[in-house]
Amino acid sequence: MKKIFSMMAASAAAIAVLASCNNGNQSGIDDGKIDPSTIASDALVAYIPFDGSAVEALSKTEASEKGSAVSYVNGRRGKCLQGAENGYLIFNLPQLNKMSSFSISMWINQPTVPSSQAPVPCYISFLNSENFWNDLAIVTDRRDDDFIAYKLYWKSETYDVWKTSDGKTDEAYDWGMAYPANRWTHIIWSYDENTSEFHAFVNGVDVTPENYVAVLANDAPAGAITFHPFTQVLINGWRQKVLEGATDEWMGWMNGQMDELRIYNKGLNATEAKNLYDAEISQL
């Protein structure tokens with residue numbers, strides 16, 4: 001009889017544990033995992049996971065052009081895009097042209113780019129053949145230490161903006177120290193038209209120098225961006241080299257890895273940036 005009661009008690013305990021687990025799943029969190037696409041989901045306009053294919057996951061749009069050396073390796077989450085000469089992708093993403101604010105989020109694992117290295121990698125461009133730097137570009141520059149000098153450029157109808165992290169523009173605050181080389185780093189670059197503020201987040205932390213936050217146009221807050229009517233986004237490559245036959249040695253190919261690219265039509269705030277990073281980490 002005691003054995004029967006013991007078995008009944010054990011069964012009841014097991015059912016209680018199972019019920020508890022099921023109730024926990026109703027919160028939207030499975031074993032502590034949070035879907036990053038649920039963060040600022042109403043503003044997410046493009047998501048390219050690079051998980052073994054060249055597909056923008058929201059619109060199910062496959063890359064319209066692929067270089068001959070496109071390849072995928074184990075990344076921060078599943079597979080990632082491996083940088084290589086002629087490893088470029090071009091996507092038709094006209095929805096990005098409507099953005100008047102933006103946030104670009106990705107994981108990057110970038111080797112050092114020393115001054116002795118001529119080629120400079122270009123990660124992303126919103127293509128505009130009428131402007132050398134396109135409508136938006138993210139590139140690296142050279143520096144002789146264990147950090148990466150990133151440069152972000154964007155052009156609106158009446159002004160353009162550079163945000164650099166090489167320490168040359170602002171010797172008092174070497175922003176580049178926030179971007180370590182040779183390791184996976186989660187980066188968000190964000191511009192909010194409502195505040196005319198730029199922010200950079202590294203692993204969920206705002207690393208923006210104070211004098212880099214305000215974005216001005218003609219000595220006034222820049223406000224909404226008006227992009228040239230672009231439709232194409234180039235990943236890993238310079239437009240001039242991929243599409244126009246340029247042979248300049250300094251125009252390099254991405255030689256690291258990129259993973260989990262997300263583009264938003266708003267400037268993510270500090271809370272959203274931290275939540276997105278935490279969600280990304282929960283998936284690892």
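Start at the largest pocket, which has a volume of about 170 Å³. Ten residues line this pocket, and to land in the middle of it, select Val161, Trp162, Lys163, Asn211 and Ala214, the closest to its centre. What you have open is a predicted model, so local features need pLDDT of at least 70 and side-chain atom pairs count only at pLDDT 80 or more, while totals for chains, interfaces and linings use all residues. Residues are numbered from 1 along each chain as its sequence is written, and side-chain values use heavy atoms, with hydrogens and water left out.

A word on the terms here. The search runs on a 1 Å grid over the protein atoms alone: a cavity is a set of points where a 1.4 Å probe fits but cannot get out, whereas a pocket is an open set with protein on both sides within 12 Å along at least five of seven lines, and lining residues have an atom within 4 Å of a point. Grid points are joined across faces, edges and corners, and the volume is the space filled by probe spheres set on the points.

**The pocket wall**

Now select residues 160–164. This is strand S12, and the largest share of the pocket lining, four residues, comes from it. (Strands are DSSP runs of E with at least two residues, helices are runs of H or I with at least four, and both are numbered from the N terminus.) Colour the lining by class and you get six nonpolar, three polar and one charged residues. For that colouring, Ala, Val, Leu, Ile, Met, Phe, Trp, Tyr, Cys and Pro count as nonpolar, Asp, Glu, Lys and Arg as charged, and the others, Gly among them, as polar.

**Rings**

Next, show the aromatic side chains. How many aromatic pairs are there? The count comes to 19. (Rings of Phe, Tyr and Trp, the last by its six-membered ring, pair if their centres lie within 6.5 Å; planes under 30 degrees apart are stacked, over 60 edge-to-face, and the rest tilted.)

Pick Phe102 and Trp154: they form an edge-to-face pair, 5.1 Å centre to centre with 80° between the planes. Phe102 is in strand S8 (residues 102–109) and Trp154 in strand S11 (residues 149–155), so this pair ties together parts that are 52 residues apart in sequence. Both Phe102 and Trp154 are buried, where buried means under 20% relative accessible area, exposed over 50%, and partly exposed in between (1.4 Å probe, protein chains only).

Keep Trp154 selected and add Phe198. Their ring centres are 6.2 Å apart and the planes sit at 35°, so this pair is tilted. Phe198 belongs to strand S14 (residues 197–202) and Trp154 to S11, so here the parts tied together are 44 residues apart in sequence. Phe198 is buried, as is Trp154.

For a group view, select Phe132, Trp133, Tyr153, Trp162, Trp238 and Trp250, which ring pairs link into a cluster. You have met Trp162 already, among the residues closest to the pocket centre.

**Charges over rings**

Go to Arg76, which lies over the face of Trp107 at 4.7 Å from the ring centre. (The rule asks for NZ of Lys or CZ of Arg within 6 Å of the ring centre and within 35 degrees of the ring normal.) Then jump to Tyr47, where the charged end of Arg262 sits over the ring, 4.0 Å from its centre.

**Salt bridges**

Stay on Arg262 and add Glu280: their side chains meet in a salt bridge, 3.1 Å from N to O. (A salt bridge is a side-chain nitrogen of Lys or Arg within 4 Å of a carboxyl oxygen of Asp or Glu.) Glu280 lies in helix H3 (residues 270–282) and Arg262 in strand S20 (residues 257–264), so the bridge ties together parts 18 residues apart in sequence. Buried or exposed? Glu280 is buried, with a relative accessible area of 1%, and Arg262 is buried at 0%. Add Arg77 and Glu260 to see a network of salt bridges linking them with Arg262 and Glu280.

The whole structure has ten salt bridges. Another one joins Glu62 and Lys66, with the closest N and O atoms 2.7 Å apart. Glu62 is partly exposed at 48%, and Lys66 is partly exposed at 41%.

**Two loop stops**

Finish with Lys60, in the loop between strand S2 (55–56) and strand S3 (61–62). Lys60 has a positive phi of about 60° although it is not a glycine, and it is exposed at 65%. Then select Asn182, in the loop between S12 and strand S13 (185–192). Its phi is near 60°, again a positive value in a residue other than glycine, and Asn182 is exposed at 51%.
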